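This report concerns the structure shown below. Please keep the sequence and the model in view while reading.

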Amino acid sequence: MRILSRLFFCIAIMACGLLFANEKPPLRKMIAQMIMVGFNGANQNEAKSAISDAKYQRFGGVMLLGKNVKDKESLKSLTVAFKNAQKNIFIAIDEEGGIVTRFKDKVGFETFISASEVARKLDLESAKELYGRMATQLKEVGVNLNFAPVVDVLDTVSPIIASKDRAFSRDIDEVSLYASEFLDAFSEVGVLTTLKHFPGHGSAQTDSHNAKTVIENFNYNELKPYYDAIKKNQARLIMVSHVYLNQEDNQNPSSLSEKIIQNLLRENLKFDGVVISDDMLMGGLKDFSLTQKVVNFINAGGDILLFSDFMIGERKTAEYVTQIIVDAVNQKKIPKERIELSYERIMNLKSELQ
């Protein structure tokens with residue numbers, strides 16, 4: 001009897017352990033993983049407020065801007081501090097090569113040619129070697145997520161893509177091929193990548209950083225690089241732009257549109273990975289309040305809200321956004337299940353971090 005009692009006790013303890021292991025964290029902790037913020041400072045002392053908030057899990061990721069980069073040693077010390085504060089925190093950067101880099105004129109960094117120049121001058125094997133060096137440099141300084149590659153199709157009308165040589169080619173198949181080499185190179189080094197700017201920013205005639213941006217006659221062939229990467233299981237994150245696709249939704253920009261994120265990306269292209277917004281503080285969303293942007297993005301099927309600033313007015317961005325989401329869940333404007341699903345996607349991705 002004594003042996004049986006001990007056996008039943010052990011089974012009960014194991015069952016309780018499994019039960020607690022499957023429990024979801026508190027709502028605010030799940031929401032925090034859906035928020036990524038910029039911050040001020042190029043060393044631990046200057047960034048101590050952000051590092052402290054990372055420790056208390058008030059957000060799940062930070063993005064590095066030029067103001068955060070002084071030299072290699074300072075940057076590595078800064079990223080180590082964030083990683084010590086929070087296990088598996090995303091540390092992201094825009095490193096496309098060419099004009100879009102945070103390392104220009106900084107001490108000790110290798111800089112790389114633009115995507116357009118890569119496709120013009122390098123074969124696929126050479127492109128992969130170059131992007132391997134790019135990924136290695138990011139990993140050495142503690143970056144684990146790159147907001148690249150751009151898979152927009154080159155169109156000379158674009159003031160933000162073509163004029164800055166950010167697209168590989170006007171040939172859609174060529175875009176897919178070079179993007180694939182970029183994705184493979186980064187995967188082999190162990191740095192996550194982000195396909196952008198879904199569903200396609202290349203033919204936009206205005207810059208969504210500054211103004212409402214509408215594409216009247218979108219060419220659906222521009223979805224092919226996303227389709228190819230998803231089909232080959234190379235797509236880890238996809239960044240959704242703020243452009244309006246009037247053929248799909250003339251009321252909402254892509255980043256706030258269920259027709260774009262849930263229907264087009266998730267259902268039609270079969271992407272079940274992490275969807276991240278472009279910067280939510282860009283001028284392309286100026287017609288929407290902060291609450292509308294946050295609630296609509298999540299309900300549309302998005303997972304991570306990206307904010308370039310640590311503060312919005314007098315309030316910390318992460319605190320402000322978290323409260324908006326908590327209130328929306330309590331008021332039944334966002335189903336709690338949507339938060340749980342995004343949290344699950346994000347944590348599954350974070351399990352791949354090295």
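The sections that follow treat the sheets, the nonpolar cores, the aromatic and charged contacts, and the backbone.

## The five-strand sheet

The model is predicted. One open sheet is built from five strands in the order E4-E3-E2-E1-E10, and their pairing is parallel. Strand E4 (145–146) and strand E10 (305–307) stand at the edges; each has a single partner strand, so one side of each is left without a neighbour in the sheet. Strands of a sheet pair through backbone hydrogen bonds, in either a parallel or an antiparallel sense.

At the E4 side of the order, strand E3 (residues 90–93) is joined to E4 by two bridges, and the two strands run parallel. Within E3, isoleucine 93 stands opposite asparagine 146 of E4. Elsewhere, helix H11 (residues 317–330) lies across strand E1 (35–37) and E10, and the helix runs at about 160° to E1.

## The three-strand sheet

An open sheet of three strands has the order E5-E7-E9, again with parallel pairing. Its edge strands are E5 and strand E9 (274–277), each of which pairs on one side only. From one strand to the next, the twist averages 30°.

E5 and strand E7 (residues 237–240) pair in the parallel sense over three bridges. In this pairing, phenylalanine 198 stands opposite valine 240 in E7. Phenylalanine 198 also takes part in a cis peptide bond, the one leading to proline 199, with omega near 0°.

## Nonpolar cores

The largest nonpolar core holds 110 residues, of which Met36, Phe82, Tyr131, Ile325 and Ile339 touch the most other members. Helix H7 (residues 172–189) gives the most to this core, contributing eight residues. A second, separate core has five residues, among them Leu154, Ile160, Ile161 and Ala162.

Which residues does isoleucine 325 touch, not counting those up to four places away in sequence? The contacts of isoleucine 325 are Ile31, Val294, Ile298, Leu305, Ile334 and Ile339. Ile339 is itself among the residues that touch the most other members of the largest core.

## Aromatic pairs and the aromatic cluster

A search of the whole structure finds nine aromatic pairs. In one of them, the ring centres of tyrosine 131 and phenylalanine 182 are 4.4 Å apart and the planes stand at 50°, so the pair is tilted. This pair links distant parts of the chain: tyrosine 131 lies in helix H6 (residues 124–140) and phenylalanine 182 in helix H7, 51 residues apart. Tyrosine 131 counts as buried at 0% relative accessibility, and phenylalanine 182 counts as buried at 1%.

Another pair, formed by phenylalanine 168 and tyrosine 178, is stacked, with 5.8 Å from centre to centre and 25° between the planes. Phenylalanine 168 belongs to the loop between E4 and H7, whereas tyrosine 178 belongs to helix H7, 10 residues apart. Is phenylalanine 168 buried or exposed? Phenylalanine 168 is buried, because its relative accessible area of 3% is under 20%. Tyrosine 178, at 6% relative accessibility, counts as buried. Together, Tyr131, Phe168, Tyr178, Phe182 and Phe186 form one aromatic cluster.

## Charges over rings

Two contacts between a charged side chain and an aromatic ring may be described here. The charged end of arginine 315 sits over the ring of tyrosine 320, at 4.5 Å from its centre. The charged end of lysine 350 sits over the ring of phenylalanine 90, at 4.8 Å from its centre.

## Backbone geometry in the loops

The peptide bond from alanine 148 to proline 149 is cis, with omega near 15°. Proline 149 is placed in the loop between E4 and H7. Proline 199, which follows the cis bond from phenylalanine 198, is placed in the loop between strand E5 (194–198) and strand E6 (214–215).

Positive phi values occur at two aspartates. Aspartate 105, in the loop between E3 and helix H5 (115–121), has phi near 65°, a positive value in a residue other than glycine. The relative accessible area of aspartate 105 is 74%, and the residue is therefore exposed. Aspartate 165, in the loop between E4 and H7, has phi near 55°, likewise a positive value in a residue other than glycine. At 32% relative accessibility, aspartate 165 counts as partly exposed.

Note on methods:
Residues are numbered from 1 along each chain as its sequence is written. This is a predicted model: local features need pLDDT of at least 70, side-chain atom pairs count only at pLDDT 80 or more; totals for chains, interfaces and linings use all residues. Side-chain values use heavy atoms; hydrogens and water are left out. Two strands pair if DSSP finds at least two bridges between them. Helices (H or I, at least four residues) and strands (E, at least two) are DSSP runs, numbered from the N terminus. Contact means heavy atoms within 4.5 Å. Axes are lines fitted to C-alpha atoms, for helices over the stretch in contact, and angles run from 0 to 180 degrees between N-to-C directions. A nonpolar core is a set of buried Ala, Val, Leu, Ile, Met, Phe, Trp, Tyr and Cys residues joined through side-chain atoms within 4.5 Å. Buried means under 20% relative accessible area, exposed over 50%, partly exposed in between (1.4 Å probe, protein chains only). Rings of Phe, Tyr and Trp (its six-membered ring) pair if their centres lie within 6.5 Å; planes under 30 degrees apart count as stacked, over 60 as edge-to-face and the rest as tilted. A charge sits over a ring if NZ of Lys or CZ of Arg is within 6 Å of the ring centre and within 35 degrees of the ring normal.
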